[in-house]
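Biologist: Let's slow down and take a close look at just one part of this one, the packing inside. Please walk me through it and show me how it ties in with whatever surrounds it.

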Amino acid sequence: MTPAINILKKLNIPFHVHHYQHDTNEIQFGKEAVAKLDPNLSITAKQVFKTLVVSINSSNKDLAVCIVPVDCHLNLKKAARAFNCKKIDLADANLAEKITGYLVGGISPIGQKKMLPTLIDQSANQFNTIFISGGRRGLEIEIAPHDLAKTIHAQLQDIVG
């Protein structure tokens, strides 16, 4: 089990785990998840979310997390406004791995080594459940958006564009 799954079990948060065979040559992790998750689930890319670690005000000391659908791009200006700062950028991949304890492509918003300020795109509210990384490539957690937000103390905001 991953730290994400262990935390959800400990908190008695309802969730489902979905596995798929990760292709080690694949670098479009979110799109791979959409393509390989059980076709009987009838999900779209708008229901599968990626976890992005960002640096606030171009400082690698101040980090945060943005969770957005895999088929969308994070709007850096909207996210900066939501975090009440001047500018954000995507954090360096090595730094993201070090801070979260997860590998890129498997970074879960749950169970990171250090809890960071987190935003979830408000589009998550249109679904009963969304899919997020379970803490490693090929492992997805299906969870209600409000349960995710409660678990990681996140706010839902419009951060895509």
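Modeller: Sure. When I say contact, I mean heavy atoms within 4.5 Å. Keep in mind that we're looking at a predicted model.

I'd start at I110. Skip the neighbours within four places in sequence, and I110 is in contact with A4, I7, L8, Y102, I132, I143, L148, T151 and I152. I110 also belongs to the largest nonpolar core, a set of 29 residues. The members that touch the most others there are I110 itself plus I130, I132, I141, I143 and L148. As a general point, nonpolar side chains in soluble globular proteins tend to be buried together.

Who else chips in? At least two residues of this core come from each of α1 (3–10), β2 (49–56), β3 (59–69), α4 (93–100), β6, β7 and α5 (145–152). There's a second core apart from this one, with 16 residues, and I56, F83, C85 and I159 are among them.

Back to those isoleucines, and to the strands they sit on. β6 covers residues 130–133 and β7 covers 139–143, and the two pair in the antiparallel sense over four bridges. Across that pairing, I130 stands opposite I143 in β7. Five residues lie between the strands of this hairpin, and G135 takes a positive phi near 115°.

Zoom out a bit and you get an open sheet of three strands, in the order β1-β7-β6, with antiparallel pairing. β1 (16–19) and β6 are at the edges with a single partner strand each, so one side of each has no neighbour in the sheet. On average, neighbouring strands here are turned by 35° against each other, direction ignored.

Some of the core's suppliers turn up again around the largest pocket, which holds about 660 Å³ of space. Its lining takes at least two residues from each of α2 (29–36), β2 and α4. β2 gives the largest share, five residues. In total 28 residues line this pocket, and those nearest its centre are F29, K50, T51, L52 and V104.

How values were computed: Residues numbered from 1 in each chain as written. Predicted model: local features only at pLDDT ≥ 70, side-chain atom pairs only at ≥ 80, totals over all residues. Heavy atoms only, no water. Pairing = 2+ DSSP bridges. Axes fitted to C-alpha atoms, helices over the stretch in contact; angles between N-to-C directions. Core = buried A, V, L, I, M, F, W, Y, C linked by side-chain atoms within 4.5 Å. Buried < 20%, exposed > 50% of the residue type's maximum accessible area, 1.4 Å probe, protein only. 1 Å grid on protein atoms, 1.4 Å probe; cavity = no way out; pocket = protein on both sides within 12 Å on 5 of 7 lines; lining within 4 Å. Points joined across faces, edges and corners; volume = space filled by probe spheres on them.
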